Structures are given as structure tokens and as C-alpha cells.
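Me: I'd like a close look at one part of this model. Please keep it brisk and go helix by helix.

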Amino acid sequence: MLDECGRVNVLLAGNSGVGKSTVINAIFGDEVAQTGVGNPQTMSIVPYEPPERPLRIYDTRGFEIAKAEETVAAVRGKISELRSKVDPRDQIHIVWTCILEQSHRIEPVQQGLLRMLRDQQPNVPAIVLITQAFEGNAEMEAKVRELAIPNNGVIPILATEKRIGPHLVPPRGVDELVETTLRLLPEAQKHAFIAAQTARWDLKERAVTNRINTAAVAAASSSLIPVPGGHSVALLSIQMGMLAWINSYLGITINDSGGKDVIKGLIGIVVAKAGGQTAFWMVLSEATKLFPGLGTLGAAAVGGPIAAALTKTLGHVYLDTVKQYAKSDLPLPPPDELAQTMQRLLELNRDRYRSIGTN
């Protein structure tokens, strides 16, 4: 499912101590920077891919302010190497250059790097991050804006809250970094970035809602489905594919469900007739009550429009059920328990899901 998102590649430039790891953690989650960002003594550009994320980060380790030509040449060489590859997923899609606010200047190596990026054809979008910006130094920001080439974006950022004496300074700039990156990224990489980042869950939910709507349209074109004698293979494929895509987009893996594949488990619940009515069938049965005239599953022949409504309802109930686990980085419960939670959610929010299913 992640293959559908493609992949976004971020080049992270900046010397040790400027807060690269903190920025990566704030945008992509705490576990990401721990696997890659480092500072060896020799200049190297090291790619690493967080597991189950459509993301590759190229870290400029050993970034040397005193060796501007060597540093810029190394980045130029890496970009040229990647541009020789056929697959667009191997390109550098955006560069984040980190400059410490307390340095009070933009170094020649950073100017050279930005100038080199501008001269690339086509050029590589770049954002200059003024990191650890808890002072709000307007003079420093103005100086960076004046010298930054290209000036695709200059963002003062405090990735995590800071305590200064008795005062707690809240984070700033994280939302702006997400929004500016999305504006500058090639269209093909926007989905991958939204799926990889964890700073803006509203963007994830919006994308998932669009996918649910797409699945509902596909369900609407399906043929009549006799129930309860059997769930249409075509509709089952659409619905399970939708749920698997939601998992991928929210960063839920098999490991997050205690080593169990939740989607396969739900399929098993659909197919197996335990005691005449399984928990998952109870979810769908409850959903049918939201639509006047449909009756119960035992008496219905579900046509395209109803299949679309059920698919949309199922998608939103599933999203509402699993997103809290994903946000809190908690493992999902077993499939049967998850299905029962979905059923309870339907029962408690009938009007909301009726409105979702019919719009």
C-alpha cells in the first residue's frame, strides 16, 4: 500500500548542534531521527529510510563550516548521482538547511549550498530553517532572508518547547514547515510527505477521507450483492483494500497489532460464520439500519448505492477507531475486539455516520 504513496526524499543540511534531529523528530516522529542523524568527522551523505514510512532522509553528516567547497561539492555530487537514476523516487525532492539562531549569521558554506541548489536545472526547492528560534531574533531572520539563495522559504523554528528560567516557550514554526514543504514539493511527492509526517494529523485524516470517498465510488459501480449468503468478492476487495490503505497512511503495521495482520483478521471475521453472526457482520448489520428502507442484512440485496454508503460508513468507523491508537503509538487490539469497538462506535454515533454515509 505504501507503493501507492511513492516516496519523498529530504536532504537535511547543517552542522552538528543545530537541532537537525529535533526538527526530524517533530515532523516525522520520535523514532525517526534516532535511526539516522549523526555526526562523523568526515563529510558523507548517508540515506536512511524509517521502516514502514514512504520517506528517505539524506543526512549531511560531518557538515563542515570551515570546508565550504568540499561540503558543497559533496552535496552537488550526490544530487548529480541521484539525477542519473531513472526512477523519480530516487531524486532529492526538497532540501532543509538548518542554521542556528544563536549563530547570528549565515555562513559561506550555507550561502554556497543554496546558490548551488538554485543553479541546478531544474532547481531543487530549499527551505532555510533558523533552528532553536526561541528568542525571535528579527535581525537574524532579516539577515537570512536577505542572503538566502534561493529564497523558497525561511522559517524560524522551535521544534520542541523550551524553558527559559521560569518561562516555558511553546514550539513554533512546525506547522509552517509542513505547509511550506507541501507547497514546494512536486505533486507526486505530496501524498508521500503527508503519509510520512506525524505533525499534522488533520492532513492525514483529510487524505484518508478522500481515499474513503474513492472506495465508495468504486463500490457504487459494483454489481448486486446477495447477503447474507455471501459477501461480494469485488466489494470485499474494495473495502479491505481501503482499510489496508488507511493503516499504511496512518503508519499502522503488523507489529502495531501485536504481530497480527488486522486486515486479514477482519477478512476472516467476514468470511467465517461464527454462531450465525460475527462481530464484523454485526458492524455491517448495524450500519444498514442507518439507511431507511434497507432493512436487515438477512433480507437485503445490497445494490451499488447501498454498497457505497456501507463502504463509506465502514471507512469512517474504522478511521475513528484506529486513529487514537496510531496517534498514541499504541498497538491495535485483536481483530474481533476491534470489530466490537467499531460496532459500539456506530451505535453511539448513529446520526453522524448516517450523515456521512448518505453524503
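Which residues on the other side of α15 are exposed? And how does that helix sit with its neighbours?

Reply: Bear in mind that this is a predicted model. Asp351 and Thr358 are the exposed residues on that side of α15.

Now turn the helix over. α15 spans residues 350-358, and Tyr353, Ile356 and Gly357 are buried there. Down the helix axis, these buried residues fall within an arc of 95°, so they line one face of α15. Their cover includes α13 and α14, the latter being residues 335-348.

Take α13 next. Its axis and that of α15 are 8 Å apart, at an angle of about 130°. An angle of that size falls in neither the parallel, the perpendicular nor the antiparallel range, so the pair counts as oblique. The crossing is right-handed. From α13 come Ala309, Lys312, Thr313, His316, Val317 and Asp320. They meet Arg352, Tyr353, Ile356 and Gly357 of α15. By class, this contact has four nonpolar, three polar and three charged residues.

α13 also packs against α9. Here α9 covers residues 201-220 and α13 covers residues 304-327. The angle is about 155°, with the axes 8 Å apart. That is over 145, so the two helices are roughly antiparallel. This crossing is right-handed. On the α9 side, the contact includes Trp201, Glu205, Val208 and Ile212. On the α13 side, Lys312, His316 and Leu319 are among the residues involved. The contact of α9 with α13 has 11 nonpolar, six polar and four charged residues.

Lys312 and His316 of α13 are listed in the contact with α9, and in the contact with α15.

Key: Residues numbered from 1 in each chain as written. Predicted model: local features only at pLDDT ≥ 70, side-chain atom pairs only at ≥ 80, totals over all residues. Heavy atoms only, no water. Axes fitted to C-alpha atoms, helices over the stretch in contact; angles between N-to-C directions. Helix = DSSP H or I, 4+ residues; strand = E, 2+ residues; numbered from the N terminus. Parallel < 35°, antiparallel > 145°, perpendicular 65-115°, else oblique. Left-handed = near helix turned anticlockwise from the far one by under 90°. Contact = heavy atoms within 4.5 Å. Nonpolar A, V, L, I, M, F, W, Y, C, P; charged D, E, K, R; others polar. Buried < 20%, exposed > 50% of the residue type's maximum accessible area, 1.4 Å probe, protein only. Arc of directions from axis to C-beta.
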